[in-house]
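Thanks for making time this morning; I would like to walk through the aromatic rings in this model, and the charged groups that sit over them. Please keep the structure open while I talk.

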Amino acid sequence: MAQTALITGATSGFGAACARRFVREGWQVIIVGRRTERLEQLRDELGEAVTAAISLDVRDRQSVTAALSRLDNVDLLLNNAGLALGLEPAWEVDLDDWETMVDTNIKGVMYCTRAILPKMVASNRGHIITIGSTAGNWPYPGGNVYGGTKAFVQQFSRNLRADLLGTRVRVTNIEPGMAESEFSNVRFKGDAERAKTVYAGTDPLRPEDIAEVVFFAATLPPHVNINTLELMSINQAWGHLAVHRESHPVPSSGSSASADDDSRAG
Ligand code: NDP
Ligand code: 8X3
């Protein structure tokens, strides 16, 4: 019998690529997102392998619980729906943006996981894969609450593993770096030009790359649990720790001894 993956945020980016990847390998998928017309397009593209297309806001606890807890035979929950909003320093940020990130990236993951997990435990099988981020490991200016939400999902995943020890339910956190999708358009609220600058001159990760890694983690032998998997484009790595030198003038750009260092393209 075909296995079933429930994918949140399947209307774009990583989620849509994962739906295509899993269907290509003979899986069935349940696709979730807010944009109904995108869900319908994906259902038209992938055909009967889409066993349900659920138009849902993962921030809505009651709707998530009602729609997901009735589902049987979910082999994989991919907690992918999420977003970043803004890149402002913490003292300038719009508090509504912070709340939206917390509600989506943290609470949405909690609601979906809580709705699906009981049946996985009862059947003693299943896999919860969550999309974290390098932002959950490595701080950067303007990452503030977005990075905090991704640190939450990393630690939540680890704690789920602790709770699930003794069952055959697996838990994995996949942590991509810079990847080209609609992510930056959303972060910069529709400013497509600014979004493009994030990836300019690089060979960024693509949604298909993340789908490959998710599929890999999901299809290892059932006794193998990938806890955490971090990946980046070849064009991304860590910088040195930033140092602000109060008694020195700010060096001209290109100096190796930079002052307030902001390596973000965005
Ligand atoms: P996209 O913007 O392309 O996709 C985001 C998806 O999340 C969309 O399908 C969107 O669907 C869905 N979504 C957002 N809010 C909600 C909500 N309230 N309810 C239901 N669905 C929602 O971005 P990516 O594919 O890049 O992002 C996917 C995940 O990967 C996110 O969690 C993101 O934080 C993470 N990530 C992204 C990286 C990147 O550089 N691109 C790197 C590391 C992690 P809809 O609008 O239809 O609801
Ligand atoms: C997305 C990657 O670096 O924009 O999670 O935060 S980054």
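Counting rings of Phe, Tyr and Trp (its six-membered ring) as paired if their centres lie within 6.5 Å, we arrive at five aromatic pairs. In one of them, the rings of Phe22 and Trp27 have centres 4.8 Å apart and planes at 75°, so this pair is edge-to-face, the word used for planes over 60 degrees apart, where under 30 counts as stacked and the rest as tilted. Phe22 and Trp27 are both buried, meaning under 20% relative accessible area, with exposed being over 50% and partly exposed in between (1.4 Å probe, protein chains only).

I should say that this is a predicted model, in which local features need pLDDT of at least 70 and side-chain atom pairs count only at pLDDT 80 or more, while totals for chains, interfaces and linings use all residues. Side-chain values use heavy atoms, with hydrogens and water left out, residues are numbered from 1 along each chain as its sequence is written, and chains are lettered from A and ligands numbered from 1 in the order in which they are written.

Returning to the rings, Phe22 and Trp27 are linked by ring pairs into a cluster with Phe215. Over the face of Phe215 lies Arg21, at 4.5 Å from the ring centre, where a charge sits over a ring if NZ of Lys or CZ of Arg is within 6 Å of the ring centre and within 35 degrees of the ring normal. Likewise, Arg187 has its charged end over the ring of Tyr146, 5.5 Å from the centre.
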